[in-house]
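Here are a few short exercises to help you find your way around a new structure. Try each task yourself before you read its solution.

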Amino acid sequence: MSQVSMRNMEASIPSQAQIAAQRARLQALAISGKVLEARDGHLVEIAANGTVRVLRHIAKPIPVALGAKRFRAHRAAQP
């Protein structure tokens with residue numbers, strides 16, 4: 001496989017992931033009738049009929065520039 005075709009395939013990964021996530025959301029709504037989502041610092045439950053219920057507050061998303069690397073901070077072991 002040539003490097004050009006490999007690059008083209010790799011470039012399509014984000015759009016394929018978005019399509020897969022949309023399909024999984026629709027499938028979850030069809031099966032269970034509910035989906036959990038993080039929205040604007042809240043964990044919300046969305047029902048198939050369109051109702052939205054806030055379950056709890058969560059940390060706001062951290063904006064990350066494209067290509068940047070982020071690492072999870074290690075916590076010190078507590079006795």
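Helices (H or I, at least four residues) and strands (E, at least two) are DSSP runs, numbered from the N terminus. Two strands pair if DSSP finds at least two bridges between them. This is a predicted model, in which local features need pLDDT of at least 70 and side-chain atom pairs count only at pLDDT 80 or more, while totals for chains, interfaces and linings use all residues. Residues are numbered from 1 along each chain as its sequence is written, and side-chain values use heavy atoms, with hydrogens and water left out.

**Exercise 1. List the elements of the protein in order.**

Solution. Start with the count: there are 2 helices and 3 strands. Then walk along the sequence, and the pattern reads α-α-β-β-β.

**Exercise 2. Work out how β1, β2 and β3 are joined.**

Solution. Begin with β1 (residues 34-39) and β2 (residues 42-47): they run antiparallel, with 6 bridges joining them. At one point of this pairing, R39 faces H42 in β2. Next, move on to β3 (residues 52-57), which is antiparallel to β2 and joined to it by 5 bridges. Here V44 lies opposite V54 in β3. Finally, look at the turn of this second hairpin: 4 residues separate β2 and β3, and G50 has a positive phi of about 100 degrees.

**Exercise 3. Describe D40 and its surroundings.**

Solution. First locate D40: it sits in the loop between β1 and β2. The hairpin of these strands has 2 residues between them. Now check the backbone: D40 has a positive phi of about 45 degrees, although it is not a glycine. Last, ask whether D40 is buried or exposed. Buried means under 20% relative accessible area, exposed over 50%, and partly exposed in between (1.4 Å probe, protein chains only). D40 counts as exposed because its relative accessibility is 64%.

**Exercise 4. Compare the protein with a compact globule.**

Solution. Take the radius of gyration over C-alpha atoms; the globule rule is 2.2 Å times the number of residues to the power 0.38. For 79 residues a compact globule would come out near 12 Å, but the protein has 18 Å. Then add the extents: the C-alpha trace spans about 50 × 45 × 25 Å along its principal axes. Turn next to burial, where buried residues make up 11% of the 79 residues. To finish, consider contacts (heavy atoms within 4.5 Å). Among contacts with a separation of 6 or more, residues 24 or more positions apart account for 0%.
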